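Me: Please examine the model shown here with me. I shall ask how each description is justified, and I should like every reply to set the value against its definition.

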There are 2 protein chains.
Amino acid sequence: MATIYQVSDLAGVSLATVSRVLNKNARVSDKTRDKVLAAMEELGYRPNSIAQSLASNRSNSVGILVSELDGPIYGQMMAGIESELRTAGKHAIITTGYSEEEKEKDGIEFLLSRNCDALILHAEAVSDEYLIELSKGKVPIYLVSRYVKELKDNCISIDNRLGGYLATKIVLDQGHKDIAYISGRLNKPDTTNRLIGHKKALAEENIEFDEQLSFVGDYSETGGMAGLKYFIDNKLNFSALVCANDEMASGAMKYAREHGFNLPEDLSIVGFDNVSFANYLYPKLTTIDNPTNEMGKMAAKLVLKTVYKQKNIKTHNIFEPKVIMRKSVIIHKG
Amino acid sequence: MATIYQVSDLAGVSLATVSRVLNKNARVSDKTRDKVLAAMEELGYRPNSIAQSLASNRSNSVGILVSELDGPIYGQMMAGIESELRTAGKHAIITTGYSEEEKEKDGIEFLLSRNCDALILHAEAVSDEYLIELSKGKVPIYLVSRYVKELKDNCISIDNRLGGYLATKIVLDQGHKDIAYISGRLNKPDTTNRLIGHKKALAEENIEFDEQLSFVGDYSETGGMAGLKYFIDNKLNFSALVCANDEMASGAMKYAREHGFNLPEDLSIVGFDNVSFANYLYPKLTTIDNPTNEMGKMAAKLVLKTVYKQKNIKTHNIFEPKVIMRKSVIIHKG
DNA sequence: AATAACATGGCGACTATTTACCAAGTTTCT
DNA sequence: AGAAACTTGGTAAATAGTCGCCATGTTATT
């Protein structure tokens, strides 16, 4: 493989000039630049990114940690991150944490050992304290879909409180009064904020929040099934069900259908996230859009702006959830 | 960040010895190894992977090209690749080609410019010739879910002919005789092989393949909808539909339901791939499992074995598709 | 106790590039 | 014409390791 020495030889130009052409950090006359570029072309020169990294102490790579590679949400997030980084010539080193504390820490260690210039983390299991401590290190970290107050400028998240509010508002607007709620585990702020939003929507309609009509699931399909089973087994009265994510909504749908419900006639259901399969469910799931793709893009932009000092990049940290109306909610006939 | 010099200082040992400990390529007495490891620990030493790469001319990174980051298939494939590579301490640089020739080439160029030790490609748009040419370069390439005869040792693929055969066999076994088939575009061997399998299954039952009852789709939901529309508009007679992938099966289901079909009573449907949402469809889709996750793992193992010379790794190149029985096919009442 | 095998030290070359610096030459402007 | 601004050359240090060689010292084997 050709080196800059050979390029400088062939172009009849000094090493420094070749470097200047490569890095665009100093004036080079058009004539000499053309000579250099022609020489590179002729030699098929490709800068050795590893040597560049070593000398400049920059790896031009950004470490990405997601919970899964094959979940519908993470895929979109990665797609967003990768496309932004790649157009900037940076690359993504991707690894997974499987929502387990030890594995997330391992993954982060792994990324640090690869000399990433920054980390974009979708860490779920690791504590706020750990992240705060980590952020004191030399490698800047950015959090997607997680809000940690102390690191708020480096967080990209959605307004989960508003999301929870909107989800419940959908069924309220259709006249439902008895609304069951399946939450995720309450140890994450995302989850509790969705619940707070739910309660707020109820309060606005002067409906008292009924502890009995809420269930703590685990964001999985089976969690949704368990939740609906619980409500039915306890002979509770409800005409609508709001779930804190689409997986649980899907599970609830399955359980409902297996137990003689006609959907959506007998039960209106709202999900959260708007994952890709929400559109494949029957009936198509009404849900709240969680713009993970754009959040991924924004996280990447934040890195480009703050770490790589690119100009003219506009960023914002909080995204607004949007209502996606489909077929799983109907007007309450009461 | 600490360097090996500081480690060797602190451990009271030579540079060479530290390197020996790091690379495990020469005998080091337990006593000195412990001293070295203790020094590393104390300094928080982490080898600089970039300097290692430069000096050893190995980047320990493998470039991955997939068609999308957020498709159900590619996610599983990446998950398989990444987990294998990571346990071996190698890392994955992931990029996308969006099934477009130019973008795939760009992506490959990008990966080559990052000094990857090998490429694992799920390239769909690029020609066989291009890949063969590429394989003559210094960086070895491996193909997933694609079979190119000239590179067969570097290809991981499934037996699509058998898959197509099994898919059609499912409905034949339930007594169906009039079987429609929605194919993908016939420019890819995967697609034509599935069709060949379909024809073979028909032939075994002495059913003549009816050109009218086959439609060329594009592997998308709308392709499936268009296919079913075509069969219906032409007033063709069929009780079962075999689709060359799950997306098209899902589209056909939607179209069928919107046009008054009761599923699965009025039409039995078989998909192909067993993507994650197949289980969320209603009725749950009977399909052929395409073990992309394992294929990804196998591709990574192949790289570990052939590029990184790891021992005791067993590999094979062709995977067998399996039937996944669910609810979208019922016995033919006729 | 002699010899072989093993463990370690020390050195130097090598990897491809960045970065800073100063000097010298060339344009351009006034 | 003289000064200022721009362009280029040349050099050298720095980046953090790998790799191979040979000499020397230390154990183990017989």
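Me: What makes the residues of the surface near DNA strand C nonpolar, polar or charged, and how many fall into each class?

Reply: The residues of that surface divide into 11 nonpolar, 11 polar and four charged. Ala, Val, Leu, Ile, Met, Phe, Trp, Tyr, Cys and Pro count as nonpolar, Asp, Glu, Lys and Arg as charged, and the others, Gly among them, as polar. This is a predicted model, in which local features need pLDDT of at least 70 and side-chain atom pairs count only at pLDDT 80 or more, while totals for chains, interfaces and linings use all residues. Residues are numbered from 1 along each chain as its sequence is written, chains are lettered from A and ligands numbered from 1 in the order in which they are written, and side-chain values use heavy atoms, with hydrogens and water left out.

Me: Which residues come nearest to DNA strand C, and what makes a residue "near" a strand?

Reply: A residue is near if one of its heavy atoms lies within 4 Å of the strand. Of the 26 residues around DNA strand C, Tyr5(A), Thr17(B), Arg27(B), Ser29(B) and Thr32(B) come nearest. Of the strand's atoms within 4 Å of the protein, 66% belong to sugar or phosphate and the rest to bases.

Me: Why is the approach of Thr17(B) to a phosphate oxygen of DNA strand C called a polar contact?

Reply: A polar contact is a pair of N or O atoms within 3.5 Å; within protein, one must be able to donate a hydrogen and the other to accept it, and residues adjacent in sequence count only if both atoms are side-chain atoms. An N or O atom in the side chain of Thr17(B) is 2.4 Å from a phosphate oxygen of DNA strand C, so the pair meets the 3.5 Å limit. For Ser19(A), the distance from a side-chain N or O atom to a phosphate oxygen is 3.3 Å.

Me: How do you know that Glu109(A) and Arg46(B) form a salt bridge?

Reply: The term requires a side-chain nitrogen of Lys or Arg within 4 Å of a carboxyl oxygen of Asp or Glu. The N to O distance between these side chains is 2.9 Å, and the pair therefore qualifies. The count between chain B and chain A is two salt bridges.

Me: Why is chain A called more spread out than a compact globule?

Reply: The radius of gyration is taken over C-alpha atoms, and the globule rule is 2.2 Å times the number of residues to the power 0.38. For 334 residues the rule gives 20 Å, whereas chain A has 25 Å, well over that value, so chain A is more spread out than a compact globule. Its C-alpha trace spans about 85 × 35 × 35 Å along its principal axes.
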